[in-house]
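Dear colleague,

I am pleased to hand over to you the structure shown below. Please keep it open while you read the notes that follow, which set out what was found in it.

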Amino acid sequence: MEDAERQRRERRLARDRRRREQGRPTYFESDASLDSWPVSQDPAERPTAIVRPRRERGELTELEARALDEEGQSTQVGAGAPVEAEPEGDVGRGLARSGAIFSLATGLSRILGLAREIVAAALFGITGRINAFEIAFLIPNTVRSLVADSALSAAFVPVFSDLLVKGERKRAWRVASSLFWLMLLGLGGLTALFILIAPWVMQVFGYGPHHYGGLATGLARILFPLVLILGLSGIVVGILNSYDHFTVPALSPVLWNVIIIFGLALGVPSTSSHSTRLYIYAISILVATIAQFLLPLPWLRGRDDRLHMVIDIRDPAVKRTFVLMVPVTIGLGLININAVIDQLFATHFLNRNLASSFHSCRATRHARTGPASEAPSRRGCG
(Lines give C-alpha, C1' and ligand atoms only; values in the text may rest on other atoms or scores of the structure.)
Protein backbone atom coordinates (compact mmCIF):
# COMPACT_ATOMS: atom_id res chain seq x y z
CA MET A 1 0.00 0.00 0.00
CA GLU A 2 1.32 3.39 -0.90
CA ASP A 3 2.24 5.81 1.88
CA ALA A 4 -0.51 8.26 0.93
CA GLU A 5 -3.16 5.55 0.96
CA ARG A 6 -1.87 4.17 4.27
CA GLN A 7 -1.92 7.60 5.89
CA ARG A 8 -5.45 8.21 4.60
CA ARG A 9 -6.63 4.91 6.11
CA GLU A 10 -5.00 5.75 9.43
CA ARG A 11 -6.76 9.11 9.49
CA ARG A 12 -10.10 7.44 8.74
CA LEU A 13 -9.55 4.82 11.44
CA ALA A 14 -8.69 7.52 13.99
CA ARG A 15 -11.72 9.52 12.93
CA ASP A 16 -14.05 6.53 13.27
CA ARG A 17 -12.59 5.74 16.69
CA ARG A 18 -13.32 9.25 17.91
CA ARG A 19 -16.83 9.22 16.44
CA ARG A 20 -17.55 5.85 18.11
CA GLU A 21 -16.40 7.21 21.48
CA GLN A 22 -18.79 10.13 21.00
CA GLY A 23 -21.64 7.79 20.12
CA ARG A 24 -21.80 9.07 16.57
CA PRO A 25 -22.09 6.92 13.44
CA THR A 26 -18.94 6.08 11.49
CA TYR A 27 -18.44 6.19 7.75
CA PHE A 28 -15.25 4.19 7.22
CA GLU A 29 -15.07 2.99 3.67
CA SER A 30 -13.17 -0.29 3.45
CA ASP A 31 -12.41 -2.51 0.51
CA ALA A 32 -14.66 -5.22 1.93
CA SER A 33 -16.92 -7.19 -0.34
CA LEU A 34 -19.66 -9.74 0.22
CA ASP A 35 -17.10 -12.55 -0.02
CA SER A 36 -14.88 -11.10 2.69
CA TRP A 37 -17.35 -9.83 5.27
CA PRO A 38 -15.51 -9.61 8.65
CA VAL A 39 -18.14 -11.54 10.68
CA SER A 40 -15.49 -13.33 12.76
CA GLN A 41 -14.04 -10.14 14.15
CA ASP A 42 -15.17 -8.33 17.25
CA PRO A 43 -16.88 -5.06 16.14
CA ALA A 44 -15.46 -3.36 19.23
CA GLU A 45 -11.93 -3.99 17.98
CA ARG A 46 -12.49 -2.87 14.39
CA PRO A 47 -14.32 0.14 12.98
CA THR A 48 -17.64 -0.44 11.33
CA ALA A 49 -17.26 -1.70 7.77
CA ILE A 50 -19.88 -0.75 5.22
CA VAL A 51 -20.26 -2.76 2.05
CA ARG A 52 -20.35 -0.37 -0.92
CA PRO A 53 -19.61 -0.69 -4.62
CA ARG A 54 -15.86 -0.49 -5.19
CA ARG A 55 -14.76 3.06 -6.09
CA GLU A 56 -11.65 4.59 -7.50
CA ARG A 57 -8.86 4.70 -4.94
CA GLY A 58 -8.81 7.94 -2.98
CA GLU A 59 -12.41 8.95 -3.83
CA LEU A 60 -14.49 10.24 -0.91
CA THR A 61 -18.23 9.94 -0.69
CA GLU A 62 -20.28 13.03 -0.11
CA LEU A 63 -21.02 11.93 3.44
CA GLU A 64 -17.35 11.34 4.21
CA ALA A 65 -16.32 14.68 2.74
CA ARG A 66 -18.94 16.44 4.83
CA ALA A 67 -17.77 14.63 7.98
CA LEU A 68 -14.16 15.56 7.30
CA ASP A 69 -15.10 19.21 6.80
CA GLU A 70 -17.06 19.31 10.05
CA GLU A 71 -14.28 17.65 11.97
CA GLY A 72 -11.65 19.98 10.51
CA GLN A 73 -13.66 23.01 11.57
CA SER A 74 -14.23 21.61 15.07
CA THR A 75 -10.49 20.93 15.41
CA GLN A 76 -9.67 24.53 14.49
CA VAL A 77 -12.26 25.80 16.96
CA GLY A 78 -10.73 23.64 19.69
CA ALA A 79 -7.30 25.04 18.88
CA GLY A 80 -8.54 28.60 19.39
CA ALA A 81 -8.76 29.49 15.69
CA PRO A 82 -12.46 29.61 14.85
CA VAL A 83 -13.46 29.51 11.24
CA GLU A 84 -16.10 32.08 10.51
CA ALA A 85 -17.64 32.21 7.10
CA GLU A 86 -18.33 35.70 5.90
CA PRO A 87 -22.05 36.19 5.31
CA GLU A 88 -23.06 36.38 1.67
CA GLY A 89 -24.77 39.70 2.32
CA ASP A 90 -21.54 41.23 3.58
CA VAL A 91 -19.68 39.96 0.51
CA GLY A 92 -22.30 41.45 -1.79
CA ARG A 93 -22.23 44.80 -0.01
CA GLY A 94 -18.43 44.81 -0.13
CA LEU A 95 -18.41 44.19 -3.87
CA ALA A 96 -21.06 46.84 -4.42
CA ARG A 97 -19.07 49.36 -2.39
CA SER A 98 -15.87 48.54 -4.30
CA GLY A 99 -17.72 48.85 -7.59
CA ALA A 100 -19.12 52.23 -6.63
CA ILE A 101 -15.72 53.55 -5.53
CA PHE A 102 -14.11 52.21 -8.68
CA SER A 103 -16.74 53.85 -10.89
CA LEU A 104 -16.46 57.21 -9.12
CA ALA A 105 -12.67 57.15 -9.23
CA THR A 106 -12.66 56.24 -12.92
CA GLY A 107 -15.13 59.02 -13.72
CA LEU A 108 -13.07 61.53 -11.74
CA SER A 109 -9.87 60.46 -13.49
CA ARG A 110 -11.55 60.93 -16.88
CA ILE A 111 -12.63 64.45 -15.94
CA LEU A 112 -9.14 65.29 -14.71
CA GLY A 113 -7.69 63.76 -17.87
CA LEU A 114 -9.84 66.08 -19.96
CA ALA A 115 -8.69 69.02 -17.84
CA ARG A 116 -5.07 67.93 -18.34
CA GLU A 117 -5.52 67.85 -22.11
CA ILE A 118 -7.14 71.29 -22.11
CA VAL A 119 -4.30 72.74 -20.04
CA ALA A 120 -1.67 71.13 -22.29
CA ALA A 121 -3.35 72.41 -25.47
CA ALA A 122 -3.62 75.91 -24.01
CA LEU A 123 0.06 75.95 -23.02
CA PHE A 124 1.67 74.23 -26.02
CA GLY A 125 -0.83 74.63 -28.85
CA ILE A 126 -1.35 71.92 -31.45
CA THR A 127 1.44 72.64 -33.93
CA GLY A 128 5.20 72.93 -33.91
CA ARG A 129 7.29 71.52 -31.09
CA ILE A 130 4.37 69.76 -29.39
CA ASN A 131 4.46 67.26 -32.27
CA ALA A 132 8.01 66.33 -31.22
CA PHE A 133 6.59 65.51 -27.80
CA GLU A 134 3.90 63.34 -29.37
CA ILE A 135 6.44 61.35 -31.36
CA ALA A 136 8.75 61.09 -28.34
CA PHE A 137 5.88 59.50 -26.45
CA LEU A 138 4.71 57.29 -29.33
CA ILE A 139 7.31 54.51 -28.98
CA PRO A 140 7.23 54.05 -25.17
CA ASN A 141 3.44 54.26 -25.19
CA THR A 142 3.27 51.55 -27.86
CA VAL A 143 5.71 49.26 -26.04
CA ARG A 144 3.86 49.85 -22.77
CA SER A 145 0.59 48.77 -24.34
CA LEU A 146 2.10 45.61 -25.79
CA VAL A 147 4.07 44.19 -22.86
CA ALA A 148 3.88 46.33 -19.73
CA ASP A 149 0.24 47.12 -19.26
CA SER A 150 -2.77 45.37 -20.76
CA ALA A 151 -1.02 42.17 -21.84
CA LEU A 152 0.77 41.67 -18.52
CA SER A 153 -2.32 42.34 -16.40
CA ALA A 154 -4.53 40.10 -18.53
CA ALA A 155 -2.05 37.22 -18.17
CA PHE A 156 -0.83 37.64 -14.59
CA VAL A 157 -4.08 38.12 -12.65
CA PRO A 158 -5.72 34.79 -13.71
CA VAL A 159 -2.55 32.82 -12.94
CA PHE A 160 -2.01 34.46 -9.53
CA SER A 161 -5.69 34.18 -8.56
CA ASP A 162 -5.81 30.51 -9.58
CA LEU A 163 -2.89 29.71 -7.26
CA LEU A 164 -4.60 31.56 -4.39
CA VAL A 165 -7.81 29.60 -4.91
CA LYS A 166 -5.88 26.33 -4.85
CA GLY A 167 -4.30 27.31 -1.53
CA GLU A 168 -0.78 27.61 -2.99
CA ARG A 169 -0.22 31.06 -1.57
CA LYS A 170 3.53 30.76 -1.04
CA ARG A 171 3.95 29.62 -4.62
CA ALA A 172 1.66 32.42 -5.86
CA TRP A 173 3.92 35.03 -4.26
CA ARG A 174 7.00 33.25 -5.56
CA VAL A 175 5.55 33.47 -9.08
CA ALA A 176 4.71 37.16 -8.56
CA SER A 177 8.24 37.84 -7.30
CA SER A 178 9.76 36.02 -10.27
CA LEU A 179 7.67 38.03 -12.72
CA PHE A 180 8.49 41.26 -10.89
CA TRP A 181 12.23 40.72 -11.23
CA LEU A 182 11.97 39.38 -14.77
CA MET A 183 10.08 42.52 -15.77
CA LEU A 184 12.61 44.67 -13.94
CA LEU A 185 15.51 43.07 -15.81
CA GLY A 186 13.80 42.73 -19.19
CA LEU A 187 12.12 46.11 -19.39
CA GLY A 188 15.11 47.75 -17.70
CA GLY A 189 17.37 46.41 -20.44
CA LEU A 190 14.90 47.49 -23.11
CA THR A 191 14.76 50.98 -21.60
CA ALA A 192 18.54 51.27 -21.57
CA LEU A 193 18.71 50.11 -25.19
CA PHE A 194 16.13 52.65 -26.35
CA ILE A 195 17.89 55.49 -24.53
CA LEU A 196 21.01 54.65 -26.55
CA ILE A 197 19.30 54.37 -29.94
CA ALA A 198 16.73 57.15 -29.38
CA PRO A 199 18.38 59.59 -31.88
CA TRP A 200 18.13 57.07 -34.71
CA VAL A 201 14.56 56.09 -33.80
CA MET A 202 13.45 59.72 -33.82
CA GLN A 203 15.20 60.25 -37.14
CA VAL A 204 13.12 57.45 -38.67
CA PHE A 205 10.05 59.55 -37.83
CA GLY A 206 11.53 62.62 -39.50
CA TYR A 207 12.94 64.29 -36.40
CA GLY A 208 16.58 64.57 -37.38
CA PRO A 209 19.25 67.12 -36.42
CA HIS A 210 17.51 69.92 -38.34
CA HIS A 211 13.89 69.16 -37.40
CA TYR A 212 13.61 69.26 -33.60
CA GLY A 213 15.70 66.07 -33.46
CA GLY A 214 17.51 67.02 -30.26
CA LEU A 215 14.24 67.96 -28.55
CA ALA A 216 12.48 64.75 -29.63
CA THR A 217 15.43 62.62 -28.50
CA GLY A 218 15.64 64.30 -25.10
CA LEU A 219 11.91 63.95 -24.49
CA ALA A 220 11.95 60.29 -25.59
CA ARG A 221 14.76 59.49 -23.17
CA ILE A 222 12.75 61.01 -20.32
CA LEU A 223 9.51 59.25 -21.25
CA PHE A 224 10.69 55.74 -22.13
CA PRO A 225 11.30 54.68 -18.47
CA LEU A 226 7.50 54.74 -18.18
CA VAL A 227 7.55 51.27 -19.77
CA LEU A 228 9.60 49.85 -16.89
CA ILE A 229 7.62 51.63 -14.17
CA LEU A 230 4.24 50.60 -15.54
CA GLY A 231 5.41 47.02 -15.99
CA LEU A 232 6.27 46.79 -12.29
CA SER A 233 3.08 48.64 -11.38
CA GLY A 234 1.08 46.04 -13.32
CA ILE A 235 2.40 43.29 -11.02
CA VAL A 236 1.60 45.25 -7.85
CA VAL A 237 -1.90 46.19 -8.95
CA GLY A 238 -2.54 42.65 -10.20
CA ILE A 239 -1.75 41.28 -6.73
CA LEU A 240 -4.14 43.73 -5.07
CA ASN A 241 -6.90 42.96 -7.57
CA SER A 242 -6.45 39.23 -6.91
CA TYR A 243 -7.16 39.95 -3.24
CA ASP A 244 -10.32 41.91 -4.24
CA HIS A 245 -8.72 45.26 -3.41
CA PHE A 246 -9.67 47.79 -6.08
CA THR A 247 -9.92 51.15 -4.32
CA VAL A 248 -6.27 52.26 -4.36
CA PRO A 249 -5.63 51.05 -7.95
CA ALA A 250 -8.71 53.00 -9.03
CA LEU A 251 -7.52 56.17 -7.28
CA SER A 252 -3.96 56.04 -8.65
CA PRO A 253 -4.94 57.52 -12.08
CA VAL A 254 -6.53 60.44 -10.21
CA LEU A 255 -3.21 61.09 -8.48
CA TRP A 256 -1.45 60.74 -11.85
CA ASN A 257 -3.52 63.51 -13.44
CA VAL A 258 -3.34 65.79 -10.41
CA ILE A 259 0.48 65.66 -10.32
CA ILE A 260 0.76 66.47 -14.03
CA ILE A 261 -1.66 69.39 -13.79
CA PHE A 262 0.22 70.81 -10.78
CA GLY A 263 3.52 70.30 -12.59
CA LEU A 264 2.28 72.26 -15.59
CA ALA A 265 0.67 74.96 -13.47
CA LEU A 266 3.77 75.51 -11.31
CA GLY A 267 6.60 74.82 -13.75
CA VAL A 268 5.53 76.23 -17.09
CA PRO A 269 5.02 79.88 -15.96
CA SER A 270 8.57 79.91 -14.60
CA THR A 271 10.16 79.80 -18.06
CA SER A 272 9.55 81.37 -21.46
CA SER A 273 11.35 78.68 -23.46
CA HIS A 274 8.93 76.48 -25.34
CA SER A 275 11.33 73.54 -25.34
CA THR A 276 11.91 73.85 -21.59
CA ARG A 277 8.15 73.81 -21.05
CA LEU A 278 7.91 70.53 -22.96
CA TYR A 279 10.67 69.08 -20.78
CA ILE A 280 8.66 70.13 -17.72
CA TYR A 281 5.65 68.35 -19.20
CA ALA A 282 7.66 65.16 -19.75
CA ILE A 283 9.23 65.25 -16.28
CA SER A 284 5.79 65.80 -14.72
CA ILE A 285 4.52 62.66 -16.47
CA LEU A 286 7.53 60.67 -15.26
CA VAL A 287 7.13 61.86 -11.64
CA ALA A 288 3.38 61.16 -11.75
CA THR A 289 4.00 57.62 -13.02
CA ILE A 290 6.52 56.95 -10.24
CA ALA A 291 3.97 58.16 -7.69
CA GLN A 292 1.36 55.94 -9.32
CA PHE A 293 3.66 52.96 -8.79
CA LEU A 294 4.51 53.82 -5.18
CA LEU A 295 0.94 54.54 -4.04
CA PRO A 296 -0.33 50.89 -3.86
CA LEU A 297 2.85 49.45 -2.27
CA PRO A 298 1.81 49.96 1.40
CA TRP A 299 -1.35 47.92 0.75
CA LEU A 300 0.73 44.83 -0.04
CA ARG A 301 1.58 44.56 3.66
CA GLY A 302 -0.45 42.12 5.70
CA ARG A 303 -1.08 39.77 2.81
CA ASP A 304 -0.02 36.13 2.80
CA ASP A 305 3.56 36.92 1.84
CA ARG A 306 5.67 39.65 0.24
CA LEU A 307 7.67 40.25 -2.90
CA HIS A 308 11.21 39.01 -2.50
CA MET A 309 14.33 38.45 -4.57
CA VAL A 310 13.73 35.27 -6.57
CA ILE A 311 13.67 34.31 -10.24
CA ASP A 312 12.18 30.90 -10.96
CA ILE A 313 11.71 30.60 -14.71
CA ARG A 314 11.17 26.85 -14.41
CA ASP A 315 7.87 27.26 -12.58
CA PRO A 316 5.03 26.29 -14.97
CA ALA A 317 2.96 29.23 -13.67
CA VAL A 318 5.64 31.70 -14.79
CA LYS A 319 5.77 30.10 -18.23
CA ARG A 320 1.97 30.08 -18.39
CA THR A 321 1.86 33.83 -17.72
CA PHE A 322 4.11 34.56 -20.68
CA VAL A 323 2.14 32.14 -22.86
CA LEU A 324 -1.11 33.92 -21.97
CA MET A 325 0.48 37.25 -22.88
CA VAL A 326 1.00 36.19 -26.50
CA PRO A 327 -2.61 36.39 -27.80
CA VAL A 328 -3.23 39.67 -25.96
CA THR A 329 -0.03 41.16 -27.37
CA ILE A 330 -0.95 40.05 -30.88
CA GLY A 331 -4.42 41.59 -30.56
CA LEU A 332 -3.05 44.86 -29.24
CA GLY A 333 -0.26 44.81 -31.80
CA LEU A 334 -2.70 44.99 -34.70
CA ILE A 335 -4.03 48.28 -33.32
CA ASN A 336 -0.78 49.79 -32.10
CA ILE A 337 1.33 48.97 -35.16
CA ASN A 338 -1.36 50.52 -37.32
CA ALA A 339 -1.15 53.70 -35.22
CA VAL A 340 2.65 53.75 -35.52
CA ILE A 341 2.41 53.50 -39.31
CA ASP A 342 -0.14 56.32 -39.33
CA GLN A 343 2.19 58.51 -37.30
CA LEU A 344 5.10 57.62 -39.57
CA PHE A 345 3.25 58.80 -42.66
CA ALA A 346 1.99 61.90 -40.84
CA THR A 347 5.48 63.03 -39.83
CA HIS A 348 6.84 62.65 -43.38
CA PHE A 349 3.97 64.09 -45.41
CA LEU A 350 2.63 66.86 -43.17
CA ASN A 351 4.38 70.08 -42.24
CA ARG A 352 4.84 69.78 -38.49
CA ASN A 353 5.15 73.56 -38.15
CA LEU A 354 1.88 74.32 -39.92
CA ALA A 355 -0.33 71.26 -39.44
CA SER A 356 -1.25 69.47 -36.29
CA SER A 357 -0.27 66.06 -37.60
CA PHE A 358 -1.53 64.34 -34.46
CA HIS A 359 -4.14 66.53 -32.77
CA SER A 360 -6.17 67.07 -35.93
CA CYS A 361 -6.88 63.35 -36.25
CA ARG A 362 -7.10 62.05 -32.69
CA ALA A 363 -7.62 58.40 -32.06
CA THR A 364 -9.98 57.60 -29.24
CA ARG A 365 -8.47 56.73 -25.90
CA HIS A 366 -8.37 53.05 -25.02
CA ALA A 367 -11.12 52.07 -22.61
CA ARG A 368 -8.74 50.77 -19.93
CA THR A 369 -9.02 50.81 -16.17
CA GLY A 370 -5.65 49.38 -15.18
CA PRO A 371 -2.61 50.87 -13.49
CA ALA A 372 -1.97 53.18 -16.41
CA SER A 373 -5.55 53.94 -17.35
CA GLU A 374 -4.85 57.63 -17.55
CA ALA A 375 -1.55 57.55 -19.40
CA PRO A 376 -1.35 60.17 -22.15
CA SER A 377 -3.54 59.20 -25.03
CA ARG A 378 -2.03 57.98 -28.26
CA ARG A 379 -2.99 60.31 -31.07
CA GLY A 380 -2.94 59.30 -34.69
CA CYS A 381 -4.74 59.42 -37.98
CA GLY A 382 -6.22 55.96 -37.52
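**Met202 and helix 6**

Leaving aside residues up to four places away in sequence, Met202 touches Ile135, Ala136, Ile139, Phe194, Tyr207, Ala216, Thr217 and Ala220. Please note that this is a predicted model. Met202 belongs to helix 6, and it counts as buried because its relative accessibility is 0%. The C-alpha atom of Met202 is separated by 9.0 Å from that of Ala132, although the two residues are 70 residues apart along the chain.

Helix 6 covers residues 169-204 and also contains Leu193. Is Leu193 buried, partly exposed or exposed? Its relative accessibility is 45%, so Leu193 counts as partly exposed. Together with Leu190, Leu196, Ile197 and Trp200, Leu193 makes a nonpolar surface patch of about 510 Å².

Ile197 also marks a bend: helix 6 turns there by about 65°, and a proline, Pro199, follows within four residues. After helix 6 comes Gly206, which has a positive phi, near 90°.

**The chain as a whole**

The chain has 11 helices and zero strands. Its pattern, read along the sequence, is therefore written as α-α-α-α-α-α-α-α-α-α-α. Of its 382 residues, 43% count as buried. The chain exposes about 20000 Å², and carbon and sulfur atoms supply 62% of that area.

How much of the contact in the chain with a separation of 6 or more comes from residues 24 or more positions apart? Such residues account for 80% of these contacts. The pairs described next include some that link distant parts of the chain.

**Salt bridges**

A search of the whole structure finds eight salt bridges. One of them joins Arg116 and Glu117, with the closest N and O atoms 2.9 Å apart. Arg116 is buried, since its relative accessible area is 0%. Glu117 is buried as well, with a relative accessible area of 9%.

Helix 6 appears again in the following two salt bridges. The side chains of Arg169 and Asp304 meet at 2.8 Å, N to O. This pair links distant parts of the chain, for Arg169 is in helix 6 and Asp304 is in the loop between helix 10 and helix 11 (316-349), 135 residues apart. Arg169 is partly exposed, with a relative accessible area of 35%, and Asp304 counts as partly exposed at 35% relative accessibility.

Arg171 forms a salt bridge with Asp315, and their closest N and O atoms are 2.8 Å apart. Because Arg171 lies in helix 6 and Asp315 in the loop between helix 10 and helix 11, the pair ties together parts that are 144 residues apart in sequence. Are the two partners buried or partly exposed? Arg171 counts as partly exposed, because its relative accessibility is 28%. Asp315, at 7% relative accessibility, counts as buried; the cut-off for that word is under 20%.

In addition, salt bridges link Asp162, Lys166 and Arg320 in a network.

**Aromatic pairs**

A pair of aromatic rings is described by the distance of the centres and the angle of the planes. How many aromatic pairs does a search of the whole structure find? The search finds eight. In one of these pairs, the ring centres of Phe124 and Tyr281 are 5.3 Å apart and the planes lie at 15°, so the pair is stacked; planes under 30 degrees apart count as such. Phe124 is in helix 3 (residues 88-124) and Tyr281 is in helix 10 (residues 274-294), so this pair links distant parts of the chain, 157 residues apart. Phe124 and Tyr281 are both buried.

Ring pairs also link Phe156, Phe160, Trp173 and Tyr243 into a cluster.

**A residue in a loop**

Asp244 is found in the loop between helix 8 (226-242) and helix 9 (247-267). Its phi is near 60°, a positive value in a residue other than glycine. Why does Asp244 count as exposed? Its relative accessibility is 52%, and the word exposed applies over 50%.

Yours sincerely

Methods:
Residues are numbered from 1 along each chain as its sequence is written. Side-chain values use heavy atoms; hydrogens and water are left out. Patches are made of residues with over 30% relative accessible area and no salt bridge: like charges are joined within 9 Å, nonpolar side chains (Val, Leu, Ile, Met, Phe, Trp, Tyr) within 5 Å. Accessible areas come from the Shrake-Rupley method with a 1.4 Å probe; for residues, only the protein chains shown count as cover. A salt bridge is a side-chain nitrogen of Lys or Arg within 4 Å of a carboxyl oxygen of Asp or Glu. Buried means under 20% relative accessible area, exposed over 50%, partly exposed in between (1.4 Å probe, protein chains only). Contact means heavy atoms within 4.5 Å. Rings of Phe, Tyr and Trp (its six-membered ring) pair if their centres lie within 6.5 Å; planes under 30 degrees apart count as stacked, over 60 as edge-to-face and the rest as tilted. The bend at a residue is the angle between axes fitted to the seven residues ending there and the seven starting there.
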